[in-house]
Amino acid sequence: MSRHRLTVVLSQAPGKHQAKRSLEESIAAALILEPGLDVSIVPNLYDLGPDHTGRMYLEGVSGDLCVLTWHFPRAAFWLLDRIGVKGHEGQTQLKPPADDDDEDAGESATPQGVGPAGEVPDRQIYCLDLRDFNSADPYLNEIRRIATECRERHEQKQSAQANGTAPLLQLGVAGTVATEANGHGPATRAFTPEELLAAPNRRWYPVIDYSRCTNCLECLDFCLFGVYGVDSLDRILVENQDSCKKGCPACSRVCPEQAIMFPEYKSAAIAGAPVGAISGLKIDLTKLFGGEVKDALSQAVEERDRELVADGRVAVGMTVGIPKRQTDKPQGPKDDLDKLMDDLDALGL
Amino acid sequence: MSEPLAFLMGKFAAVLPADRRYCRNHMWCHPRGDGVYRFGFTAYAIRLMQDVYFLDWSVNAGDAVALKQQIGNIETSKAVSDLFAPIGGTLTAINQDVLKDPSQINVDGYGRGWLFEMSGDTGSTLDAQGYHDFLAANWDQTQRILKGQMGE
């Protein structure tokens, strides 16, 4: 019998939303009684700074990980990647109550992204969206399923190892067998629940989905607040996240691959909804309900100008950092449009 | 009283009663007779949004609001949106029942699902035929916007 354990981390909703708190609490209370699970609660993942105990705790987890957040799973996964909690994306079977629109819309033309930086450890990270259901049971069932899946995978690996796989290869994998059996590095023991839950300040910054990002650097050209930079390999990264302007999602609108997410933005397409999956994706009707009609680029330019002026700088309009592709290809690839047209028809408008 | 008009959104017919005025932000405007007007979402708006989950106002009764000033936001099964003042004037009342139970907007959008009342200049409002023409003239553009949203 393996001693493999699954670490479950619950990321709280910011603020004092009663219904959200009570869902978090009922999930946590049920999970603490489950064998084979290490359960912790941290404040809103998005807000955790580098010196927050909750983040250090997450960084210390080396085994399989299941994270429940109030964000889209794609946003949560890449948010973890950003803070150095890397792994392979675990496939969850938890699906929001179906809108009975077609489910395979998400498969359309995924761009070839550059992938995550550095080495990805051999473990799975599952992200569940706490907005999908308002009762604990679907989450508990899914976490049990994930725990079983992880244990079986672990046992398979161990037996493969016992059957003569070169042990040297195994030594290269993150963590020793002793610590991996517990799922934690040694540094994770000391944190009390109070330390984990110390309330962080709210933050606002973009999160890059490197499975979609093609490193075109248009965001670097567009953002005039120095948020973006490149690493030693000239890969785009969010370099100065706290230079980002609260509420401004302009760079996300400019990104040609929808690789930039603001997990807490009101419209789902920017908050990290599955790309191309119309079901469950909320449309922003602001433009129809009184805002002026604008395309994504003009909207981005306006948002950027607003922040420039608020900073005491001069609005630059369309003169700086405008992607060239927009001049000859304003509507994006034709195939996608056709597909979206079909999706719109499915809405019955 | 003349027959209500209907604007065809694909197969769905958005009914536009002829007993009231309409605003370009897809709210209806119904005079109470004392200089105060009641506002609510048109069937067209409700069809785009579908089930209303959450409604919030950033202004209170008694506040002066400017035309197109942002006054709140809404979240529904299909959409999110900021909400804007349909006319300039003074907000006189907010429908508290709808705040508590926004689904009334879907159940009875032209009646119990009203949103708020205002006094002010309604000169910019349209009659049912005018609103119908406005919807027809903008329908292609609206569909493009919706598609653009989905493509983002």
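The following exercises, each with a worked solution, concern a predicted model of a complex that includes chains A and B.

**Exercise 1. Confidence in the model**

Determine what the predictor's scores are for the complex, and where in chain A the pLDDT is below 50.

*Solution.*
Step 1. Begin with the complex: the predictor gives an ipTM of 0.84 and a pTM of 0.64.
Step 2. Turn to chain B, where the mean pLDDT is 90 and 96% of the residues reach 70 or more.
Step 3. For chain A, the mean pLDDT is 81, with 77% of its residues at 70 or more. Residues 99-108 of chain A have a pLDDT below 50, and this stretch makes 18 contacts in the model beyond near neighbours in sequence. The pLDDT is also below 50 over residues 326-333 of chain A, a stretch with 5 contacts counted in that way.

**Exercise 2. The strands of chain B**

State how many helices and strands chain B has, and work out the order of the open sheet of 4 strands.

*Solution.*
Step 1. Count the elements: chain B has 4 helices and 11 strands.
Step 2. Read across the open sheet of 4 strands, whose order is β10(A)-β9(B)-β8(B)-β6(B), with mixed pairing. At its edges stand β10 (283-284) of chain A and β6 (52-57) of chain B, each of which pairs on one side only.
Step 3. Examine one pair within this sheet. Strands β8 (residues 70-76) and β9 (residues 79-84) of chain B are antiparallel and share 5 bridges. N73(B) has D82(B) of β9(B) opposite it.
Step 4. Consider next the pairing of β10 in chain B. Strand β7 (residues 64-65) of chain B runs antiparallel to strand β10 (residues 89-94) of chain B, and 2 bridges join them. Here A64(B) faces T90(B) as its opposite residue. β10(B) also pairs with β11 (residues 116-120) of chain B, again in the antiparallel sense, over 5 bridges; I94(B) is opposite F116(B) there.
Step 5. Recall the general principle: strands of a sheet pair through backbone hydrogen bonds, either parallel or antiparallel.
Step 6. Add the figures for the whole chain. Of the 152 residues in chain B, 38% are buried. Among contacts in chain B with a separation of 6 or more, 56% are between residues 24 or more positions apart.

**Exercise 3. Two residues of chain A**

Decide whether V42(A) is buried or exposed, and then why F191(A) counts as partly exposed.

*Solution.*
Step 1. Locate V42(A), which lies in strand β2 (residues 37-42) of chain A.
Step 2. Apply the neighbour count. A residue with 20 or more C-beta neighbours within 10 Å is buried; V42(A) is buried because it has 25 C-beta neighbours inside 10 Å.
Step 3. List its surroundings. V42(A) and L10(A) are 32 residues apart in sequence, yet their C-alpha atoms are 6.1 Å apart. Not counting residues up to four places away in sequence, V42(A) touches several residues, among them V9(A), Y57(A) and L196(A).
Step 4. Locate F191(A), in the loop between α6 (177-180) and α7 (193-197) of chain A. F191(A) counts as partly exposed because it has 17 C-beta neighbours inside 10 Å.
Step 5. Compare the contacts. Leaving aside neighbours within four places in sequence, F191(A) is in contact with T53(A), Y57(A) and L196(A). F191(A) and Y57(A) are 134 residues apart in sequence and 7.5 Å apart from C-alpha to C-alpha.

**Exercise 4. A helix and the nonpolar cores**

Identify which residues of helix α2 (residues 53-60) of chain A are buried, and explain why the largest nonpolar core lies between two domains.

*Solution.*
Step 1. The buried residues of α2(A) are G54(A), R55(A), Y57(A) and L58(A). They lie on the same side of α2(A) because they cover an arc of only 155° around the axis.
Step 2. Their cover includes β1 (6-11), β2 and α7 of chain A.
Step 3. The largest nonpolar core has 65 residues, of which C66(A), V67(A), C219(A) and A271(A) touch the most other members. Helix α3 (residues 73-82) of chain A gives the most to this core, with 6 residues.
Step 4. Domain 1 (6-197) and domain 2 (207-329) of chain A both give residues to this core, so the core lies between them.
Step 5. Apart from this core there is another, of 42 residues, including L48(B), L91(B), A128(B) and L135(B).

Definitions and conventions: Residues are numbered from 1 along each chain as its sequence is written. Chains are lettered from A and ligands numbered from 1 in the order in which they are written. This is a predicted model: local features need pLDDT of at least 70, side-chain atom pairs count only at pLDDT 80 or more; totals for chains, interfaces and linings use all residues. Two strands pair if DSSP finds at least two bridges between them. pLDDT is the predictor's confidence in each residue, from 0 to 100. Two residues are in contact if their C-beta atoms, placed from the backbone, lie within 7 Å. A residue is buried if 20 or more other C-beta atoms lie within 10 Å of its own, exposed if 12 or fewer, and partly exposed in between; C-beta atoms are placed from the backbone. The arc is that of the directions from the helix axis to the C-beta atoms. A nonpolar core is a set of buried Ala, Val, Leu, Ile, Met, Phe, Trp, Tyr and Cys residues joined through C-beta atoms within 7 Å. Domain bounds come from an automatic or database domain assignment.
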